[in-house]
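Colleague: Could you walk me through this model, starting with its overall form and then going into some detail?

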Amino acid sequence: MKKVNSLKGKIKVPGDKSISHRGIMFGSISEGITELDGFLNGADCISTMNCFKHMGINISHENEHVIIHGKGLHGLNAPLETLDVGNSGTTTRLISGILSGQTFSSTLNGDASIQARPMKRIMTPLRLMGADIVSEKNNDCAPLLISPVKQGLKGIHYDSPVASAQVKSCILLAGLYADDKTTVTEPVLSRNHTELMLRGFGADVTSKGTTATIAPNPSLSGQKIFVPGDISSAAYFIVAGAICQHSDLLIENVNTNPTRAGIISVALSMGASLELLNKRNVSGEEVCDLHVKTSDLHGCEIKGDIIPTLIDEIPIICVMAACAKGDTIISDASELKVKESNRIDTVIENLKAMGVSCEAKEDGMIIHGQSNEKGHDFFYGAQIKTYMDHRIAMSFAIASLCATGETTLDHPECVDISYPEFYKTLTSISNK
Ligand code: S3P
């Protein structure tokens, strides 16, 4: 991959990953048909789809259109084999909440990355609800074995030590099968797609501040859902448009739910030329078109309550920070260590390989922007180690657009997890 002269055009990014996962899950445990338009055909969401097919749910799938024949809260069949969650933390953690309420046993397992990711964060609250969930290797990671409990699940109030939508959603989904109300309080509000969508499917979910409450045993009914474009995928093009010379991009149909859109506030506070156009509401989610142009950027401090709203975008924000004047300091983001790779280490290692001056911190990183003081050439081409992490691959593919010399990625295909069309879209707007 090489430097570009300009980026110009109009693009659409694929459907939101979080909403696509939830659409399959909630549709499967609802009565009747759920239809998803704009479904993300990424490997993670296909893992979720296959898990429910293995539990007897009839799902037809053509391009971005999915039809799920839901069988209700108690309609899943016992899977005949281990459910394969692939690389997907969202599949593993959310499905565990549903499986804990079933009358059959199940085992979940996935790739090497998933077998190293922390599952104690869901095992602890699920066990407080009475669930029988064990880590097969006794290391609090997958494979996870979930067995039925005769007495059923108990409603609880859980004070989550971590702001995680996967943890919150797991507990709320288990709450559908409990004997009483279940409440989760987070230290900081995480993405709220589960609360918004479950309410649409007919669940009694209420939210107040950082607390969400669900009542058990509703009758969920199938829905038609328009999945908006994923802001986490749009993020690569927001930054590309801002850091590349002579750029002018329109990114259409992006989900700008405030619990997800922290990158927009950060880009604006760093001086990005970014406009939000045509704000509308689609299936209960805020959606906009984003117009971004080449920008004069300066560093900023990113910490506190905004972190969960941009946690997946920090690798690409670091690329933007490397092109900005001055330092960018990211704190309160130690969750980065337990993503698909340790993203504090993998971002810093690769930025350094490209010649950027930066440092890892215990809870984030410091990027010394424009450290190569050579016009727009803030990066040198390098061999990027992706660690099979899709967000690392895409972030450094964008960095290469401003780099002197050639950049190679060791596993470019790992973008298939969330954005199979990434390189095609990038090529369509790049002028060499
Ligand atoms: C997600 C929640 C976030 C995010 C992940 C998707 C979700 O994870 O990083 O990509 O769909 O609920 P955490 O809950 O671990 O913060």
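Modeller: The radius of gyration is taken over C-alpha atoms, and the globule rule is 2.2 Å times the number of residues to the power 0.38. This is a predicted model, in which local features need pLDDT of at least 70, side-chain atom pairs count only at pLDDT 80 or more, and totals for chains, interfaces and linings use all residues. Residues are numbered from 1 along each chain as its sequence is written, and side-chain values use heavy atoms, with hydrogens and water left out.

Colleague: Ok, so what radius of gyration does the protein chain have?

Modeller: The protein chain has 21 Å, which agrees with a compact globule, because one with 432 residues would have a radius near 22 Å.

Colleague: And how much of the chain is buried?

Modeller: Of the 432 residues, 60% count as buried, meaning under 20% relative accessible area with a 1.4 Å probe, protein chains only.

Colleague: New topic: how many helices and strands are there?

Modeller: The protein chain has twelve helices and 25 strands, where helices (H or I, at least four residues) and strands (E, at least two) are DSSP runs, numbered from the N terminus.

Colleague: Which strand does β11 join?

Modeller: Strand β11 (residues 205-208) runs antiparallel to β12, joined by four bridges, and two strands pair if DSSP finds at least two bridges between them. T206 of this pair stands opposite T213 in β12.

Colleague: What about the hairpin, which residue takes a positive phi there?

Modeller: In the hairpin of β11 and β12, with two residues between the strands, G209 takes a positive phi near 60°.

Note on methods:
Buried means under 20% relative accessible area, exposed over 50%, partly exposed in between (1.4 Å probe, protein chains only).
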